[in-house]
Amino acid sequence: MLARKSIIPEEFGLPGLVSRMPRKPVFRDRVNKARFIAKNGSCNLAHKNIREQGRFLQDVFTTLVDLKWRFTLVIFTTTFVSSYLLFAMSWWLVAFAHGDLDPLRENGADCVTNVKSFTSAFLFSIEVQVTIGFGGRMITEQCPTAITVLILQNIVGLIINAVMLGCIFMKTAQSNRRAETLIFSRHAVIAVRNNRLCFMIRIGDLRKSMIIGATVRLQVVRKTTTPEGEVIPIHQIDVQTESAVSSNSLFLLAPLIICHVIDKDSPLYDLSAMELQCSDLEVIVILEGVVETTGITTQARTSYISEEIQWGHRFVPIVTEEEGVYSVDYSKFGNTVKVATPCCSARELDEKPSILIQTLQKSELSHQNSLRKRNSMRRNNSMRKATGSSGSLRRNNSGLAVPKVQFFTPTEGVCTAESKAYL
């Protein structure tokens, strides 16, 4: 049995109409990927299958400094104890070869006095290396071998002290410790400044000691594919800032806003507000400078992914003048406020400057409308308060009014309804 045809033609049916409707471009959700630089500045990179492990031993000092504290302390303790035991064995062998350990030997010239066992040799080794010298044991001039061992242990002890103490000092005075007080704003913003779209972040220094010759570098890291088909997983693109263009270092006395103008040379030139949220780019910020107190070069890093870039926002001012002193309110360091910003890309804004004018005009009109609404609401509220207060005064006055009484002569003999009511 054949299916019955519909009265409405197929091209005018719901499926046909839906298929012919213009569709808006659908942006795919951004695939979650690992950050290259974490918010605290650490590199999110794992080194695997390193075959030439011996290269780390060629630079022992840097390897010790890069180790974690628990490993450094274990190596520190193990090195000193091993040197004590090694030279304790040497002193015991010297005493054994000279015959100082023989209990039947009569008192004579010993190489080291009062060294009769390995325990006493170990104690003498500690006294020699740390230069304590309790006075119970000492070397004599009867044994040239003992003098040679004494000189050798002093030299080795000085080398171990220099390396280990230098390692401990460098770990406690590492430059990344100073970078803990260099802060970045939690989010980056994109807004119009001087009629150009700009990418902006805020940096600050919590310490009073300044960073000398501070410079800021921005890099955009994303996965790209060359025309030849080569896939570059980490393609680093340098981004120019206003400070870099002027070739002057930053005077980081108070928090500063670092601005990058999105021009033709910027990797953000073709990205609109919608495309930015769907992109997988990562903006890395590197702040470098010399610590004023120690003279050590320090570096602080952070990064911003597309979800951490706020389009159409601007940082609120946090520096105010109070009683002749400039005050910085760090509680508002990362606060932003919405501003009128076109959602198109910088390329479209350069091709059609009227977009910016229309956006500013719309924002001005909306601002005026909001002010009018606020003023009208205030007037209505004031009028309601005035009417309410006048009504209450009337009610109060009516309650306090004295009743009126009309007096009539007896000849009349009658009273009006009004007088009856009062009487």
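Is Trp-91 buried or exposed? The points below take up this residue and then some other ring and surface features of the model.

1. Please keep in mind throughout that this is a predicted model. In answer to the opening question, Trp-91 is buried, since its relative accessible area is 2%, a value that falls under the 20% limit used for that word. Phe-124, which will appear beside it in the next point, is likewise described as buried, with a relative accessible area of 4%.

2. A pair of aromatic rings is described by the distance of the centres and the angle of the planes. The structure holds five such aromatic pairs, and one of them joins Trp-91 to Phe-124 in an edge-to-face arrangement, with 4.9 Å from centre to centre and 80 degrees between the planes. This pair links distant parts of the chain, for Trp-91 belongs to helix 4 (residues 69-98) while Phe-124 belongs to helix 5 (residues 118-129), and 33 residues separate them.

3. Trp-92 and Phe-96 make a pair that counts as stacked, because their ring centres are 5.5 Å apart and their planes meet at 10 degrees, which is under the 30 degrees required for stacking. Both residues are in helix 4, and because they are four residues apart there, about one helical turn lies between them. As for their surroundings, Trp-92 has 26% relative accessibility and so counts as partly exposed, whereas Phe-96, at 54%, counts as exposed.

4. Aromatic rings also come together as a cluster, in which ring pairs link Phe-76, Phe-80 and Tyr-84.

5. Two rings should be examined together with a charged residue. Lys-171 lies over the face of Trp-69, at a distance of 5.1 Å from the ring centre, and the charged end of Arg-202 is placed over the ring of Phe-333, 5.9 Å from the centre of that ring.

6. On the surface, a nonpolar patch is formed by Phe-61, Ile-147, Ile-151, Ile-155, Ile-159, Val-163, Phe-169 and Met-170, which together have about 710 Å² of accessible area. Which helix gives the largest share of this patch? It is helix 6 (residues 144-172), from which seven residues of the patch come.

7. Met-170 is a useful residue on which to end, as it is found in helix 6 and is listed among the members of the nonpolar patch. Its relative accessibility is 34%, and therefore Met-170 counts as partly exposed; that value is also over the 30% which a residue needs in order to be part of a patch.

Notes:
Residues are numbered from 1 along each chain as its sequence is written. This is a predicted model: local features need pLDDT of at least 70, side-chain atom pairs count only at pLDDT 80 or more; totals for chains, interfaces and linings use all residues. Side-chain values use heavy atoms; hydrogens and water are left out. Rings of Phe, Tyr and Trp (its six-membered ring) pair if their centres lie within 6.5 Å; planes under 30 degrees apart count as stacked, over 60 as edge-to-face and the rest as tilted. Helices (H or I, at least four residues) and strands (E, at least two) are DSSP runs, numbered from the N terminus. Buried means under 20% relative accessible area, exposed over 50%, partly exposed in between (1.4 Å probe, protein chains only). A charge sits over a ring if NZ of Lys or CZ of Arg is within 6 Å of the ring centre and within 35 degrees of the ring normal. Patches are made of residues with over 30% relative accessible area and no salt bridge: like charges are joined within 9 Å, nonpolar side chains (Val, Leu, Ile, Met, Phe, Trp, Tyr) within 5 Å. Accessible areas come from the Shrake-Rupley method with a 1.4 Å probe; for residues, only the protein chains shown count as cover. A salt bridge is a side-chain nitrogen of Lys or Arg within 4 Å of a carboxyl oxygen of Asp or Glu.
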